[in-house]
Amino acid sequence: MKIAIIGAGSVGSAVATAVKNTGFVHEIVLFDRDGVRARAAAEDLGHAASFGFDVKITAVSNYRGIRGSDIVIIAAGANQRVGETRTDLLNKNAAVIQDIMPRIMANTDVKKVKIIIVTNPLDVMVMLAHQISHMPPEHIIGTGTMLDSGRLRTILARQIGVSTQSVNAYVLGEHGDSSIIDWSSITVGALGLDDFCRQMKISLPQTTRNTITHRVHNAAYEIIRGRGATWDGISAAVADLLRCIINDERRILTVSCVSGRGTDMVAMSLPRIVGADGVIATLRPKLNATESGALRRSGKIIRKNFDAIK
């Protein structure tokens with residue numbers, strides 16, 4: 001399995017490390033227009049590989065080097081800075097995707113290759129990549145709200161005193177400020193959240209749920225404020241998505257991919273079955289009226305941002 005990573009900055013390098021540590025790839029190619037940075041990252045990661053899985057790691061500054069890749073991960077683009085929202089990056093990173101996608105298409109088997117997009121604003125970049133390439137929508141996958149959902153499970157699990165592994169909870173919609181928490185579908189073990197709280201005599205009032213929602217929505221901003229960027233969480237999400245594809249695990253992940261056509265086309269995160277063929281199916285979660293309305297608004301925001309690309 002050969003993996004190409006486009007962009008060897010802080011996120012791309014962290015993604016490369018996480019991918020290497022899965023043990024499921026035999027070759028990683030790091031592409032960056034800054035050849036010196038790409039070579040340094042490949043050299044450092046190659047040294048680390050001597051302590052773990054034996055992976056061939058190379059750096060290239062020409063897209064010919066990604067030929068033969070089974071999966072291409074796009075981590076290039078401007079990073080979100082303190083005080084910026086993901087949508088503030090819109091036109092900067094749209095130009096990046098417009099430059100990258102034709103080059104990927106010219107150097108890969110577009111009928112087989114899977115594209116994983118990390119670049120923000122995530123959902124809009126997924127739509128743009130699909131528009132440029134006309135690849136099957138199930139083969140262009142954004143990490144979407146995988147990380148947001150992971151943050152939700154972590155925060156909620158700590159609140160109610162159980163393992164994160166016992167919490168099944170999803171953040172849906174935009175990977176951004178309009179995302180929604182699907183409180184109606186949350187389960188703990190085999191129990192609905194409300195039933196679990198009743199049995200355990202745990203109080204989880206609306207004020208606490210609002211606080212959890214706020215923490216999930218603002219987690220990235222807090223991390224960026226403290227360390228300048230986020231990379232560990234997203235790199236773990238990419239590695240998990242990669243593992244799911246390589247092993248044909250058919251797990252349900254909240255990834256982003258395109259649905260609809262024309263003016264109805266939009267990409268957002270919903271629970272989706274993911275395997276070797278990419279996105280295999282999209283599931284419609286249980287939502288109350290408020291959540292359904294919020295999800296529709298989130299989709300409209302994504303579409304409006306896509307239409308605003310210059």
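Start by selecting Asp-240 and Arg-251: the two form a salt bridge, with their closest N and O atoms 2.9 Å apart. This is a predicted model, and the distances on this tour are computed from it. The pair links distant parts of the chain, since Asp-240 sits in helix α8 (residues 232-246) and Arg-251 in strand β12 (residues 251-259), 11 residues apart. Arg-251 counts as partly exposed because its relative accessibility is 28%. Add Arg-243 and Glu-249 to the selection; together with Asp-240 and Arg-251 they are linked in a network of salt bridges. The structure holds 11 salt bridges.

Two further salt bridges are worth a stop. Select Glu-222 and Arg-225, whose side chains meet at 2.8 Å, N to O. They are 3 residues apart in helix α7 (residues 206-227), which means about one helical turn separates them. An α-helix has 3.6 residues a turn, so residues three or four places apart point the same way. Arg-225 is exposed, its relative accessible area being 52%.

Now go to Asp-32 and Arg-37, which form a salt bridge at 3.1 Å, N to O. Here Asp-32 is buried, at 7% relative accessibility, whereas Arg-37 is partly exposed, at 41%.

Next, select Glu-291, in helix α9 (residues 289-307). What is the nearest side chain of opposite charge to Glu-291? That side chain is Arg-209, 7.5 Å away, and Glu-291 is buried without a salt bridge. A salt bridge requires the nitrogen and oxygen to be within 4 Å. The side chain of Glu-291 does make a polar contact, at 2.7 Å, with the side chain of Ser-184. Show the surroundings of Glu-291: beyond four places in sequence, Glu-291 touches Lys-286 and the run of Ile-180, Ile-181, Asp-182, Trp-183 and Ser-184.

Turn to the interior. The largest nonpolar core has 42 residues, and Ile-6, Ile-74, Ile-104, Ile-115, Ile-117 and Met-127 have the most contacts inside it. Elements that each supply at least two of its residues include β1 (2-6), β4 (71-74), α3 (90-107), β5 (114-117), α4 (122-133) and α9. Helix α4 gives the most to this core, with 7 residues. In soluble globular proteins, nonpolar side chains tend to be buried together.

Centre on Ile-115. Leaving out neighbours within four places in sequence, Ile-115 is in contact with Val-72, Ile-74, Ile-104, Met-135, His-139, Ile-140 and Ile-141. Apart from this core lies another, of 35 residues, among them Ile-3, Val-25, Ala-42 and Ala-75.

Then select Val-124, in helix α4. Val-124 is buried, at 3% relative accessibility. Beyond four places in sequence, Val-124 is in contact with Leu-90, Ile-302, Asn-305, Phe-306 and Ile-309. Add Arg-303 to the view: Val-124 and Arg-303 are 179 residues apart in sequence, but their C-alpha atoms are 7.6 Å apart.

Finish on helix α3. Which residues of α3 are buried? They are Leu-90, Asn-93, Ala-94, Ile-97, Ile-100, Met-101, Ile-104 and Asn-107. Colour β1, β4, β5, α4 and α9 to see what these buried residues pack against. To check the length of α3, take the distance between its end C-alpha atoms, which is 26 Å; this agrees with the 26 Å that its 18 residues should span at 1.5 Å a residue.

Notes:
Residues numbered from 1 in each chain as written. Predicted model: local features only at pLDDT ≥ 70, side-chain atom pairs only at ≥ 80, totals over all residues. Heavy atoms only, no water. Helix = DSSP H or I, 4+ residues; strand = E, 2+ residues; numbered from the N terminus. Buried < 20%, exposed > 50% of the residue type's maximum accessible area, 1.4 Å probe, protein only. Lys, Arg positive; Asp, Glu negative; His and termini not counted. Polar contact = N/O pair within 3.5 Å; in protein donor to acceptor, adjacent residues only side chain to side chain. Contact = heavy atoms within 4.5 Å. Core = buried A, V, L, I, M, F, W, Y, C linked by side-chain atoms within 4.5 Å. Expected span 1.5 Å × (residues − 1).
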